[in-house]
Every structure is written in C-alpha cells, then in structure tokens.
Amino acid sequence: MDLITMDDLTNEEAISLLDDAERLLPIARGDVHLPLLEGKVLANLFFENSTRTRLSFETSMKRLGGEVLNLSEVGSSVKKGETLYDTMQMIDGYADVAVIRHPRQGAAQYAADAVKIPVMNAGDGAGNHPTQTLLDLFTIRKGQGKIEGLNVVLVGDLRYGRTAHSLSHALSRFGASLTLVSPDPLKMPSEIVRDLKSSGCHVEESEELSPAISSADVVYMTRIQRERFPDEAEYEKVAGIYTLKAEDLRSAQSDMMVMHPLPRVNEIHPSIDATSHAWYFKQAFNGVPTRMALLCRSLGIEIPEAII
Amino acid sequence: MNEMRRVSAICNGTVIDHIPSGSAVQVMRMLHIDGSHSNPISLVMNVPSSKVGRKDVLKIEDRELSQEELDRLALIAPSASIAIIRNYGVAEKRQIGLGAELVNIAKCSFFNCITQNPNEPLPHRLQVVSQDPLEIRCAYCGRAQSVGEIIESLI
C-alpha cells in the first residue's frame, strides 16, 4: 500500500489506522518490546530538511525491531545529478518500504510508480503530507474523543502549508466546520477552498483569530514561513500577527486543543505550554504510533488485538 | 454540392472535418504536423458549415492517423468528423474520445512538478478526472491543467 495523499485512504481505512495506532501505544512509549518488523528495512529518503517526520519514522521502525537506511541529498549521488527514478531503483533493491520528502510536487507519486516497494509521502513541495494528517487526526481524537463534526480553526500560512492542505481535506470528509485564518497574501488557495465547499464543508475565511477562539474545538497554528517573503520588513509585518498567549484563551472551551505541526517560531507563546490546551508536544509524540501503524499496514504485518 | 470545392478530394489519407473554427492550427500541433514531412497537407479555415456555422477542415494525404493519435483531438475538437480515405472513397469513419489518461501527449505545466526534470524517464501522465466539465490533472502532482496549458505543453 502506498500513501501519497489522503485520497488513498477511505474514511474507514483512516479510522482503522487510528485504531491500530492506539493499540501500538505501549510499544511507541517503549513500555513493551514487540519486534513486529524484525528483519524489515525502511529507507528514509529526505531530499529536503526534516526533524520530526524523519526521526519519528526512524524511531517507529526501530521500536518495532526494524532497521533504517537514511539518505540525504548532501554527499549522495543525487547531488551528482542522479534522477529520482534511478535513486528509487537502488532503494527498491535495498529496502522493504520507503518514506520520501522532496521539494518537488508529485515526487512521491513518481517514486511510487518507479518501484515495487510501498512508498509513503512525507511531504512533496507545497503538495501533501498525509502521514502528518493521520497523526493530527489521531491527536484530535485523543483530545475530543471523535473526529467528526468538529469546529477547527486553521491559522497562519495556509497558502504554502502542505500540512494545512492535507488536514483541511481530511477534516472536510469528516464533516468539520473550518475557519481559515491567514493574512491576505497567505490565504488558502482558492481551488482548495472550492474543493472543501463542494464536499459540503462549512468554510469561513478571516484575517482575525480572536473571534474564532471561543467556539473552536481545535486551533491549529502553523508557522509563517520567512523564506516566502521578498523582504524582511514584509515578513515582520505578518510574522507576529498570530501569536497565541495564555490570556487569549480565556474565552476558549475547556477542552479546546491548541495544535501545531512544529517547529514554532512565535505563533504559540510558551505561557500556553503548561495549560491543558497545549497539545503540540503530544502531537509530535503521536507521530510514532501513527507511523508504526502505517509501516505495519504497508508491509502487511498484522497487529495483535491486545498489546500488553 | 453548390459551392465550389475549396480543396480537391484526396486519394488516400485522413480528413478531419468540423474542427471548431480557428482550432486547426492547434490540431496540427497535436498531430505533429510541422512541415518536416513531405506528404501534402491541405488546411481550410473559417469556412461556412451548415452544421456548426463555421469550421476548419484538415486533409492529410498519404497518412492514416492511428486511433491513439486521433483520440487526443477530443481535447480541442470533440465533435470533429474523421474519415480515412482510400482510393478517393471513405474507407472508415472514426469516432474519437478522451481516454482516462493522456500518456506522453503533454507535460504537466506546473513549474515545480517532478516531471519538469527532463532527465526523469517515467511517462508524462495527465488524468482525465471528468469529461464534462472537462477536468484534467497531472497524475503525479495533482495540479489542474487547462486545455490552453496542455496545448502549450505538447510533447
């Protein structure tokens, strides 16, 4: 099974992966040792920087007894002009499953078409990031007890943020109401907004965050990416506009979740870290059980009903 | 026929009639008719038609276009009438239609798509997501492609 976009999973399959991830939690935490993937090799192909995604795939594989190959562009044949196709032919012979992040859109589908082993998309340009979406859904279900019919506020760089693109699509399939908060130059691409609305999703767009907080079940912050701005002054103008502090959450529902794919710059003030609203570090941990579930699924490994 | 025939009948080859007025040049691009071959080509543009008002007609002598070549014309001339001519008579009438995918007909027009690297060997694939309204997306990056973009990116 490849996972290139969330469209590769039905709602039922997505839920069943979340259930698998739930069962794998004791292994993810390191409480139980169960080498379900012993003898299997994962190729981590990161043609673009990553911290959490690469490390959580690596720890997921290792906690399940598997091995990991890491390829980075620096010092590899890729720098010498090797095509992605050729790189993938080599990986097809060395590994049982591959995870790829690439600056070009469509690279993950292209890589999957080039090989027989399953391929997972860990981010292709401004395209998709479905493994992040699954861990986001897992986190939301942990905090809200469900993923259907929630009020979710997506904040920040909605134009280039692949995390926001993938997550909004998935949430729309589960009947969410979405509030899209961004400065005008970083608005969600209109074709995505059109897709969301045509799937029956209630969508509001705004430049103001504070009015959206009181009715939100989830406030999902994203980083405004400095590299997108032509000059520093323009970036500074919008960089600070969505800084969430503990005092901004006075009107929030008690179980409202603040999430962030991380790294954060100044979107979430550390004063929130100690509140019950802070979910972003748990969210980063949830990448482990979720990616464990995906690795098992793609390699056709059954997960025992009860793991204790 | 009341009106004088603008172009004489051909002995053998392919006649593409009822091309939307003004689109014949694009049809020629899609069929790679670019002057590099020596067979005669006749092009008539903007002539009156009882069926569609005005139309273009293209007659290609000594070449029978394959179904695969003809099907790509459905992008710009879905209602074209196509006849294979042998010995001055219509030997076959061909229907055309877009398949589910256009393979190696045009490149994805998105500048950051993986297929923009000319050294990558896998085929260029554009998926026909819907016929009406026409919606075509790159099979790799998922970007929607307009007919104009596809014609600009013909291989």
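**Domains of chain B.** I looked up the contact between the two domains of chain B: five residues of domain 1 are in contact (C-beta atoms, placed from the backbone, within 7 Å) with five residues of domain 2. By class, the domain 1 side has two nonpolar, one polar and two charged residues; Ala, Val, Leu, Ile, Met, Phe, Trp, Tyr, Cys and Pro count as nonpolar, Asp, Glu, Lys and Arg as charged, and the others, Gly among them, as polar. The bounds, 13–94 for domain 1 and 101–152 for domain 2, come from an automatic or database domain assignment. I noted 24 Å between the C-alpha centres of these two domains of chain B.

**Basis.** The model is predicted: local features need pLDDT of at least 70 and side-chain atom pairs pLDDT 80 or more, while totals for chains, interfaces and linings use all residues. Residues are numbered from 1 along each chain as its sequence is written, with chains lettered from A and ligands numbered from 1 in the order in which they are written.

**Chains A and B.** I found 14 residues of chain A and 16 residues of chain B in the contact. The chain B side comprises ten nonpolar, five polar and one charged residues.

**Helix 2 of chain A.** I checked the length of helix 2 (residues 52–63), a DSSP run of H or I with at least four residues. Its end C-alpha atoms are 16 Å apart, which agrees with the 16 Å expected for twelve residues, the expected span being 1.5 Å times one less than the number of residues. Just after this helix, Gly65(A) takes a positive phi of about 85°.

Technical notes
Helix = DSSP H or I, 4+ residues; strand = E, 2+ residues; numbered from the N terminus.
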